[in-house]
Amino acid sequence: MEHYFGLAQELLQSGRAGEGSAYGADSLYDYAVQFQHDAVFYVDVARQCRGKVLDVGCGSGRMLLPLAEAGIACAGMDLSPEMLRLAAAKLDAYGYQVPLHQGDMEAFHLGERFAGIVIPYQSMMYMTSPQRRRRALQCMAAHLQPGGLLAFDFDCSEQEVGDSLPYLALQGVHPFHGHVMLQVVQTRIFADGRRLLNQINYDLTEPVRITVQASEESSCSVEEMREHLQQAGFRIVGLYQDYERTPYQAGPECVVLAEKVVEG
Ligand SMILES: C[S@@+](CC[C@H](N)C(=O)[O-])C[C@H]1O[C@@H](n2cnc3c(N)ncnc32)[C@H](O)[C@@H]1O
């Protein structure tokens, strides 16, 4: 699939912008994502597991840090080596030794079974087809002890097919290097729920630098996710519409708590 469209494509093709990676070394992730409103839920679930918890798609360690701070034995896994390097540096700065693995959530083999797995902040959206979502959940089941808990949130929004208007996703002074930054995002939605996200990052401090990033994501209906979970051997404990565990009725995000069914 062609990954760029609109202005991002034009900037790239005309040589006015360089290409960055959404989760690469120059990622704006830690600047753009500073919320922790989901941490109480994930730490709570992790405590309930009474054993080692794996954070899948752990990124730069946003959730590993509160898990480690709560005294929970944990490990992280992510596809991006750059995000894992950021996670290692962050955890190390706080004095925590957390095993970090590089791997793909739909095909990983850590040779270990965990008491719990968490997948915070919609990382499942990178599983962009029913087949990929199924494979990922089977992989989670294979890495859980019987009775182990799986908690994740996912995008279940229904979006209008077509191109969104570009919107300002971020503006401010970068806290790490002091540059004035703008990030503009545009999405292209396809009929099967996939969407292509184009980000244009403007670093406005001289010399001005523009980078573009593309990523492919997908939403998934609550019904479809429910079926995948059951087929992968999970019992659904709760489907919530927020981190306060309000039973899911409507909304763009669904929070899942499921238990791996005891085998035999
Ligand atoms: C939205 S970020 C969430 C990061 C972290 N969980 C958090 O809560 O801040 C998505 C993460 O998923 C990772 N990711 C994307 N595709 C993946 C895959 N196939 N397997 C494992 N990780 C993946 C990205 O590298 C990125 O770190």
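**Exercise 1. The crossing of two helices**

Is the crossing of H6 and H7 left-handed or right-handed? Describe also the geometry and the residues of this contact in the predicted model.

*Solution.*

Step 1. Two packed helices are described by the angle between their axes and the distance between the axes. Helix H6 covers residues 130-142 and helix H7 covers residues 222-231; they pack at an angle of about 40°, and their axes are 9 Å apart.

Step 2. Angles under 35 degrees count as roughly parallel, and roughly perpendicular begins at 65. H6 and H7 are therefore oblique to each other.

Step 3. The crossing of H6 and H7 is right-handed.

Step 4. On the H6 side, the contact is made by Pro130, Arg133, Arg134 and Leu137, which meet Glu224, His228, Leu229 and Gln231 of H7. By class, the residues of this contact comprise three nonpolar, two polar and three charged.

**Exercise 2. The seven-stranded sheet**

Determine the strand order of the open sheet, identify its edges, and locate the helices that pack against it.

*Solution.*

Step 1. The open sheet consists of seven strands, in the order E4-E3-E2-E5-E6-E13-E12, and its pairing is mixed.

Step 2. Strand E4 (100-102) and strand E12 (234-240) each have a single partner strand, so one side of each is left without a neighbour in the sheet. From one strand to the next, the twist averages 20°.

Step 3. Consider one pair within this order. Strand E2 (residues 53-56) and strand E3 (residues 74-78) run parallel and are joined by four bridges. Val53 has Cys74 in E3 as its bridge partner.

Step 4. Helix H3 (residues 39-49) packs on the sheet, where it touches E2, strand E5 (114-119), strand E6 (144-155) and strand E13 (253-260). The direction of H3 makes about 165° with that of E5.

Step 5. H6, the helix of the preceding exercise, lies across E5, E6, E12 and E13 and runs at about 145° to E6.

Step 6. The loop between H3 and E2 contains Arg50. This residue has a positive phi of about 55°, although it is not a glycine.

**Exercise 3. The pairings of E11**

Which strands pair with E11, and in which sense? Examine also the connection between E10 and E11.

*Solution.*

Step 1. Strand E1 (residues 18-19) pairs with strand E11 (residues 209-218) in the parallel sense, over two bridges. Within this pairing, Gly18 has Thr211 as its bridge partner in E11.

Step 2. Strand E10 (residues 194-203) pairs with E11 in the antiparallel sense, over ten bridges. Here the bridge partner of Leu197 is Ser215 in E11.

Step 3. E10 and E11 are joined by a hairpin through five residues. Pro207 is placed in the loop between these two strands, and the peptide bond from Glu206 to Pro207 is cis, with omega near -5°.

**Exercise 4. The surroundings of the ligand**

How many residues surround the ligand, and which are the closest? Classify the shell by residue type.

*Solution.*

Step 1. The ligand is surrounded by 18 residues. The closest are Gly57, Gly59, Arg62, Tyr121 and Tyr126.

Step 2. Sorted by class, the shell around the ligand contains ten nonpolar, five polar and three charged residues.

Methods:
Residues are numbered from 1 along each chain as its sequence is written. This is a predicted model: local features need pLDDT of at least 70, side-chain atom pairs count only at pLDDT 80 or more; totals for chains, interfaces and linings use all residues. Axes are lines fitted to C-alpha atoms, for helices over the stretch in contact, and angles run from 0 to 180 degrees between N-to-C directions. Angles under 35 degrees count as roughly parallel, over 145 as roughly antiparallel, 65 to 115 as roughly perpendicular and the rest as oblique. A crossing is left-handed if the near helix is turned anticlockwise from the far one by less than a right angle, and right-handed if clockwise. Two residues are in contact if their C-beta atoms, placed from the backbone, lie within 7 Å. Ala, Val, Leu, Ile, Met, Phe, Trp, Tyr, Cys and Pro count as nonpolar, Asp, Glu, Lys and Arg as charged, and the others, Gly among them, as polar. Two strands pair if DSSP finds at least two bridges between them. A residue is near a molecule or strand if its C-beta atom, placed from the backbone, lies within 6 Å of it.
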